[in-house]
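Student: I should like to discuss how cysteines and charged side chains are placed in this protein. May we look at the sequence and the structure together?

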Amino acid sequence: MQSRHLGSLEVSALGLGCMGMSEFYGQGDDDESVATIQRALDLGCTFLDTADMYGPFTNERLVGRAVAGRRDEVVLATKFGNERLPDGSWVGINGRPDYVRSACDASLGRLGVDHIDLYYQHRVDPDVPIEETVGAMAELVEAGKVRHLGLSEASPATIRRAHAVHPITALQTEYSLFTRDVEAEVLPTVRELGIGFVAYSPLGRGILTGAYTQSSDFAEDDSRRAGRFPRLADANFERNRALVAAVEELAGRKGCTPAQVALAWVLAQGGDVVPIPGTKRRRYLEDNIGAADVALDAAEAAALADRIGVPEGDRYADMSTVNR
């Protein structure tokens with residue numbers, strides 16, 4: 001697999017989002033998830049994304065188990081800031097310096113590593129100045145516990161303030177054919193500052209794969225069925241699913257899968273954009289990685305985006321944690 005650069009950090013052009021292996025997208029199988037991560041490494045997909053709140057806490061342990069003995073092959077990213085208790089209950093967003101330090105130590109222990117390659121603030125704490133949070137994150141770099149810093153779902157103004165305290169290597173925010181609002185201000189800002197962009201949910205939480213034809217296709221314990229994502233709710237799902245026809249048609253012409261077209265579109269948005277599609281099964285991983293061999297020229301990418309337009313519904317039922 002080819003590589004790309006997030007600031008000064010070199011990563012595989014496609015990463016692997018590990019969240020769904022432990023929570024939110026239905027029941028997982030830890031052995032299959034570990035095999036999926038290890039298969040990703042075998043195929044050159046070495047950029048792994050997790051967070052302490054996934055599980056909670058169990059996803060970092062799973063990733064740590066999968067990379068044991070292969071640490072030198074991996075660019076390991078994790079996140080703090082969405083504070084949860086072991087029983088799964090939510091505490092809130094926490095960007096306090098003391099919490100930053102304790103969260104990092106806990107993540108290092110669960111992952112079984114001595115440093116984190118890319119450490120993100122998962123959500124911006126509105127009650128703590130970003131300068132204080134990033135200042136504490138910078139101390140982790142000085143201590144050798146973290147190599148690079150990142151933010152997630154941060155506004156242009158917040159990104160600038162954070163970057164003035166310590167260089168930010170990457171911004172992680174949702175970006176796909178279904179979510180393009182970052183193109184107006186966020187992408188220009190990070191490009192001006194030399195910050196890479198990590199695109200999460202590049203498959204629109206699965207809808208862009210064409211595998212789901214109605215909201216009831218999601219398992220009963222899948223948060224995509226529970227109303228957390230309005231775009232996938234019954235009223236919106238039908239219209240939004242119809243938009244996927246444009247992806248399916250182009251996939252037919254290209255001789256590939258809809259998922260590969262959707263990922264190829266994200267890859268075509270710039271060499272500083274790295275999608276991290278998530279899966280917990282090897283067969284879907286291998287399909288996703290095949291997107292690296294699908295080429296979309298500028299005209300094809302623009303035409304596809306124009307055909308899809310803007311989907312119905314917000315990204316989240318509760319958008320209050322997205323920094324604006």
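**Cysteines and salt bridges**

Tutor: Let us begin with C256, keeping in mind that this is a predicted model. The sulfur of C256 is too far from any other cysteine sulfur for a bond, the closest one, in C45, being 18 Å away. C256 is nevertheless buried, at 16% relative accessibility.

Student: How many disulfides does the structure hold?

Tutor: A disulfide requires two cysteine sulfur atoms within 2.5 Å. For C18, which is in no disulfide, the nearest cysteine sulfur is that of C45, 8.7 Å away. The number of disulfides in the structure is zero.

Student: How many residues apart in sequence are the parts that the salt bridge of E23 with R84 ties together?

Tutor: The closest N and O atoms of E23 and R84 are 2.7 Å apart, and a salt bridge needs such atoms within 4 Å. E23 lies in the loop between strand 3 and helix 1, whereas R84 is in strand 6, so the parts tied together are separated in sequence by 61 residues.

Student: Is R84 buried or exposed?

Tutor: Buried means under 20% relative accessible area. The relative accessible area of R84 is 8%, so R84 is buried.

Student: Which residues are joined with E153 into one network by salt bridges that share partners?

Tutor: E153 forms a salt bridge with R315, with 2.7 Å between the closest N and O atoms. This pair links the loop between strand 9 and helix 5 to the segment after helix 11. Through shared partners, the residues joined with E153 into one network are E174, R205 and R315.

Note on methods: Residues numbered from 1 in each chain as written. Predicted model: local features only at pLDDT ≥ 70, side-chain atom pairs only at ≥ 80, totals over all residues. Heavy atoms only, no water. Buried < 20%, exposed > 50% of the residue type's maximum accessible area, 1.4 Å probe, protein only. Salt bridge = Lys/Arg side-chain N within 4 Å of Asp/Glu carboxyl O. Helix = DSSP H or I, 4+ residues; strand = E, 2+ residues; numbered from the N terminus.
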